[in-house]
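Reader: I am new to this structure and would like to learn how to read it. Could you take me through a few features, one by one?

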Amino acid sequence: MSVLTTIEEIRAKARDGLAEVRNDAELETWRVAVMGRKSPLMSALRSLGKLGPEERKEAGRAANLLKTQLDQALEEKRETLGRARIEETETAGRIDVTLPARPLPEGRLHPVTQTQRDIVDAFVAQGFSVIEGPEVELEYYNFEALRIPADHPARELMDTFYIDRSGDTDSKLLLRTHTSPNQIRFMENNDPPVRIICPGRTYRNEATDPSHEWMITQTEVLAVDEGLTLAHLKGTLFELAKRLFGRDRKVRFRCDFFRFVEPGVDMAIDCFLCGGKGCRTCKKEGWIEILGAGMVHPEILANMGYDPDIYTGFAAGLGVERIAMLRYGVDDIRHFYENDLRFLRQF
Ligand code: FA5
């Protein structure tokens with residue numbers, strides 16, 4: 001059989017073989033069989049030396065042409081297989097670039113956090129700095145230093161979660177019932193003038209109802225300077241009310257009693273639900289109390305090393321959930337911490 005015939009046969013077989021190839025591994029097997037050292041093509045090339053000059057020339061040209069064609073066919077097949085792989089991944093549905101993106105659930109700030117931040121902004125705009133204090137507090141700071149000694153009836157107003165009742169008042173631990181201990185903590189370590197606020201959580205072991213929770217967020221306010229009066233306190237709090245509720249809401253400012261201030265006051269806003277007529281949310285009062293306040297008791301100033309003949313101060317403790325209720329029209333404080341997304345998504 002002439003070399004030329006052999007070459008033609010190799011070509012036909014290689015073409016048929018290549019058509020059967022389905023993947024890279026099969027392609028490699030095909031390459032070794034058709035173009036490898038032991039392939040019929042290589043044997044044919046090696047046998048050229050045995051031919052006469054004319055025949056060798058013709059057969060050599062044909063064999064080299066076939067080699068070039070096979071190389072080319074190999075490359076084309078490799079590309080085709082690559083493209084097919086990409087198409088397969090795409091059509092298998094793993095990536096459909098035409099589909100609209102899945103919406104990412106959007107987070108938002110809790111309404112109490114939003115309100116807390118607005119309160120902080122309102123005070124920072126009036127020149128106050130922000131401090132923080134511990135939620136697990138010594139009984140001394142929560143009560144004694146604020147002129148609320150053991151067995152004083154005022155303690156009953158703030159039913160307390162105790163953590164450790166052993167030892168004396170300097171070692172007894174409780175969950176703070178208000179943010180007022182931070183007045184003492186700050187004054188102990190700083191000289192006047194003072195202008196601070198202290199936001200944070202407080203805890204009271206009491207039954208809940210539409211306007212009472214057992215965990216409440218408060219913001220303590222404390223200013224001490226020469227010549228501060230109740231008028232400054234009133235001005236600061238009315239400015240806050242205007243910022244938070246607008247000019248049209250009614251504000252009630254009246255006397256109240258707290259052991260650590262003299263005189264003491266509280267402030268309320270007319271009930272958003274009944275417009276002041278009285279309902280379940282405002283407990284038939286027509287008003288919702290948002291804060292207690294007053295002039296810092298001179299005895300406390302003196303205990304802190306501030307001369308009460310020179311310095312006076314005012315303090316306030318704001319109920320942030322109550323303020324959030326009034327701003328957003330929430331008729332029951334307990335909604336805030338039930339983690340019901342239908343409620344929370346409205347803010
Ligand atoms: C106090 O906690 C005082 N420390 C406030 C204070 C600070 C007075 C500085 C004078 C000077 P009171 O217990 O009234 O006071 O609470 C203050 C505010 O927190 C209340 O006006 C109310 O808005 C809110 N608050 C109190 N208890 C609850 C409760 N259980 N649930 C919801 N809000 C409450």
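**Reading a helix residue and a ligand site**

Author: Happy to! V120 is a good place to start: helix α5, residues 111-124, contains V120. Keep in mind that this is a predicted model.

Reader: Is V120 buried or exposed, and why?

Author: Buried means under 20% relative accessible area. V120 has 16% relative accessibility, so V120 counts as buried.

Reader: How far apart are V120 and P199 in sequence and in space?

Author: Along the chain, 79 residues separate V120 from P199, yet their C-alpha atoms are 7.9 Å apart.

Reader: Now the ligand. Which residues come nearest?

Author: There are 26 residues around the ligand, and the nearest are H178, S180, R204, E206 and E289.

Reader: Which polar contacts do the side chains of H178, R204 and E206 make with the ligand?

Author: A polar contact is a pair of N or O atoms within 3.5 Å. In H178, a side-chain N or O atom is 2.8 Å from a ligand nitrogen. R204 has a polar side-chain atom 2.8 Å from a ligand oxygen, and E206 has one 2.7 Å from a ligand nitrogen. The protein buries 95% of the 670 Å² that the ligand exposes when taken alone.

Reader: What kind of space does the ligand take, and which strands supply its shell?

Author: The ligand takes the space of the largest pocket. Strands β6 (215-226), β9 (287-296) and β10 (311-319) each supply at least two shell residues, and β9 gives the largest share, five residues.

Reader: How does the shell divide by class?

Author: The shell has 11 nonpolar, nine polar and six charged residues.

Conventions
Residues are numbered from 1 along each chain as its sequence is written. This is a predicted model: local features need pLDDT of at least 70, side-chain atom pairs count only at pLDDT 80 or more; totals for chains, interfaces and linings use all residues. Side-chain values use heavy atoms; hydrogens and water are left out. A residue is near a molecule or strand if one of its heavy atoms lies within 4 Å of it. A polar contact is a pair of N or O atoms within 3.5 Å; within protein, one must be able to donate a hydrogen and the other to accept it, and residues adjacent in sequence count only if both atoms are side-chain atoms. Accessible areas come from the Shrake-Rupley method with a 1.4 Å probe; for residues, only the protein chains shown count as cover. On a 1 Å grid over the protein atoms alone, a cavity is a set of points where a 1.4 Å probe fits but cannot get out, and a pocket is an open set with protein on both sides within 12 Å along at least five of seven lines; lining residues have an atom within 4 Å of a point. A molecule sits in a cavity or pocket if more than half of its atoms lie within 2 Å of its grid points. Helices (H or I, at least four residues) and strands (E, at least two) are DSSP runs, numbered from the N terminus. Ala, Val, Leu, Ile, Met, Phe, Trp, Tyr, Cys and Pro count as nonpolar, Asp, Glu, Lys and Arg as charged, and the others, Gly among them, as polar. Buried means under 20% relative accessible area, exposed over 50%, partly exposed in between (1.4 Å probe, protein chains only).
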